[in-house]
Amino acid sequence: MRCKACGRSWSFGRALLSSMKVSGKKECPHCGEEHYSTKRSYHRSGILAVSAFFVFMLLVETFQMRLTSALFFAVFLLLIVLFVQPLMIHLSDEEVLHKE
């Protein structure tokens, strides 16, 4: 992620923590400016989550996994989604979710 105000990039760890926030606000660690995820970022995150779910269901059904194997695979997919998501976030100066 890159700040719109100061132009500096965020570290991956900071972007990872910021992407896990429930609120839409993301504060730049360098200048303190508040930003929000773009509508496109929300769409990409949703597509990533839904596709991971369908891959999980397809592979569990195809290989007839046991419950413990399926749970380990689910955790593995969740970790992949969590680490890929910060790479897909772009920032905006305005909040797009609560706009009318």
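**View A. Phe 83, a residue of helix H3****.** Phe 83 sits in helix H3, where helices are DSSP runs of H or I with at least four residues, strands are E runs of at least two, and both are numbered from the N terminus. This is a predicted model, in which local features need pLDDT of at least 70, side-chain atom pairs count only at pLDDT 80 or more, and totals for chains, interfaces and linings use all residues. Residues are numbered from 1 along each chain as its sequence is written, and side-chain values use heavy atoms, leaving out hydrogens and water. Phe 83 has 42% relative accessibility, so it counts as partly exposed; buried means under 20% relative accessible area, exposed over 50%, and partly exposed in between (1.4 Å probe, protein chains only).

**View B. A nonpolar surface patch that includes Phe 83****.** Joining Phe 83 here are Phe 12, Val 75, Leu 79 and Leu 87, and together they make a patch of about 480 Å². H3 (residues 67-84) chips in the largest share, three residues. To join a patch, a residue needs over 30% relative accessible area and no salt bridge; nonpolar side chains (Val, Leu, Ile, Met, Phe, Trp, Tyr) are linked within 5 Å, like charges within 9 Å. A salt bridge here is a Lys or Arg side-chain nitrogen within 4 Å of an Asp or Glu carboxyl oxygen. The areas come from the Shrake-Rupley method with a 1.4 Å probe, with only the protein chains shown counting as cover for residues.

**View C. The buried residues of H3****.** Ala 70, Phe 73, Leu 77 and Val 81 are the ones tucked away. Looking down the axis, they fall within an arc of 80 degrees, so they line one face of the helix; the arc is taken from the directions from the helix axis to the C-beta atoms. They pack against helix H2 (39-63), with contact meaning heavy atoms within 4.5 Å. Over on the other side of H3, Thr 68, Leu 71 and Phe 72 are exposed.

**View D. The buried residues of helix H1 (residues 12-19)****.** Here Ala 15, Leu 16, Ser 18 and Ser 19 are buried. Their arc around the axis is only 165 degrees, which puts them on the same side of H1. Their cover includes strand S1 (25-27) and H3.

**View E. Leu 91 in strand S3 (residues 91-92)****.** With 5% relative accessibility, Leu 91 counts as buried. Leaving aside residues up to four places away in sequence, Leu 91 touches Met 1, Arg 2, Lys 4, Trp 10, Lys 26, His 35, Tyr 36 and Thr 38.
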